[in-house]
Amino acid sequence: MRHVVIGGGVGCARYVRGLREHVRRTGADGEIDVVVNTADDWWVSGLRISPDHDSILYTLAGQNDDERGWGRRGESERVSAELSEWGATPGWFTLGDLDLATHIARTSWLRAGDSVSDVFARLGSRWDLGATLHPATDHEIDTHVVTADGRRMHFQEWWVRERAAVPALRFEQQRIAEARPSASALESLAAADVVLLAPSNPVVSIGPVLAVPGLRDAVLASGAPVVGVSPIIGGSVVRGMADACLAAIGVETDAAAVALHYGSRSRGGLLDGWLVAEEDPDAVAPVQSAGIACRSIPLWMRDADTSAALAAEALRLAAEIAAR
Ligand code: GDP
Ligand code: CA
C-alpha cells in the first residue's frame, strides 16, 4: 500500500507521524511518501532555509521541539546572537545552532550542484523516518506576498516579521510557470494507492504544491482516491495564522469552505473525500452535496493515539471510496 501525503510544515508533520504510527501498529505493509511544499523556502544570511521540509524531518526523526512546536529540541542560539551582532541576520528570524547546521549542509550541497531532491534524500538518510520526503519541485518558487499597504515581500517577512497582521492581497510563487514537479514526486504519485491531503495551510502550503504545473494532473491521473483533512476546527485555525491567508483568497475560515475551495473531483476539482472535525457537524451536508464524501470525527492531533486514529479514519474513507 503506497500512501502519498501532500502537505506543508507542522500540520503535515503531525499527520504523517500519525500515519506512520497507524501503519506500524496495524503491521500493514505500507510505504509513506510525502510531497512537500517548498514555496516558503528562502535565502537568509547566505543560507537556503526549507521550513516545511525541516518541520517534517525533525518531527519524524523525534528531534523536534514539541513544546514550542517548531525547530530542534535542546536548541541553543549562540551563532544567531553573533550573526545579529554583525548585522548579518534579520533579528526577527531565529536560527538555532543545530538548525543552522542543517541549513549549512543543505546550502553546501546545493552549491556543489545537488538538486533539491538530492538534498531531501541526503537529509532524509540520517534517521529512520519511516517515510520518504520529496520536494514538490526542484525549482525555486519562493512565495512573495503583495500587501494591502502596497508592499511586496517574501512570505517569511510577512509571516514571521509582520506576523501576517498586514492584510495580504495575493500570494505569488516566483517563476512557477516554468517549474516542473520533481521526478520523485511524480514517481510516487504514479504509484499511489491513496493520496492524502494533510491538514496543512490550504493557501501557502498545499496551494503552491498543486500549482506546480503538472502536479495536480499527476494527482488526478494516479486514479487513487484523494482524501483531505480539514485544517479548520470549530471555525478557526489551530496552531497558526492560516485565516490571514484564506482571507486573501476570499475563502472563509470554515471546514466546508476549504473543501469547496479544493473542489470535488466529480466536478473538475480534486477531492473524493474530506474529514471535518466533530466540532463542525454542520459542514458535512454542504460538502456531501458538492459530491465529496464527508464525515465528522475528532481532528485534534494531540498525541500518537489521536494522530494515528485520524490517519486510520482517512484511510477508511479512502477504502470506501475505492470500493464504490
Ligand atoms: P506550517 O507550514 O508549519 O504552517 O504547517 P502546515 O501548513 O502543514 O499546517 C498548518 C496548519 O495545520 C494550521 O493552519 C492548522 O490549521 C493545522 N493544524 C495544526 N495542528 C492541527 C491539528 O491538530 N489538527 C488539525 N486538523 N489541523 C491542525
Ligand atoms: Ca510552511
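**A quick tour: ligand 1, R20 and S80**

In this predicted model, a polar backbone atom of S230 sits 3.0 Å from a nitrogen atom of ligand 1. That's a handy place to start looking around. From there, we'll drop in on two residues in helices: R20 in α1 and S80 in α3.

**Around ligand 1**

- There are 19 residues around ligand 1, and the ones that come nearest are S200, S205, P231, V238 and R239.
- S200 brings a polar side-chain atom to 2.6 Å from an oxygen atom of the ligand.
- L299 uses its backbone instead: an N or O atom there lies 2.8 Å from a nitrogen atom of ligand 1.
- On its own, ligand 1 has 590 Å² of accessible area, and the protein covers 93% of that.

**R20, a charged residue without a partner**

- You'll find R20 in helix α1, which runs over residues 10-26.
- R20 is buried, yet it has no salt bridge.
- The nearest side chain of opposite charge belongs to E21, and that is 5.9 Å away; a salt bridge would need the charged atoms within 4 Å.
- Setting aside residues up to four places away in sequence, R20 touches I32, L60, D128, L129 and G130.

**S80, tucked into helix α3**

- Helix α3 spans residues 78-85, and S80 is part of it.
- S80 counts as buried because its relative accessibility is 8%, and the cut-off for buried is under 20%.
- Beyond its neighbours within four places in sequence, S80 is in contact with T89, F93, T94, L95, D97 and L100.

Terms used
Residues are numbered from 1 along each chain as its sequence is written. Chains are lettered from A and ligands numbered from 1 in the order in which they are written. This is a predicted model: local features need pLDDT of at least 70, side-chain atom pairs count only at pLDDT 80 or more; totals for chains, interfaces and linings use all residues. Side-chain values use heavy atoms; hydrogens and water are left out. Helices (H or I, at least four residues) and strands (E, at least two) are DSSP runs, numbered from the N terminus. Buried means under 20% relative accessible area, exposed over 50%, partly exposed in between (1.4 Å probe, protein chains only). Lys and Arg count as positive and Asp and Glu as negative; His and the chain ends are not counted. Contact means heavy atoms within 4.5 Å. A residue is near a molecule or strand if one of its heavy atoms lies within 4 Å of it. A polar contact is a pair of N or O atoms within 3.5 Å; within protein, one must be able to donate a hydrogen and the other to accept it, and residues adjacent in sequence count only if both atoms are side-chain atoms. Accessible areas come from the Shrake-Rupley method with a 1.4 Å probe; for residues, only the protein chains shown count as cover.
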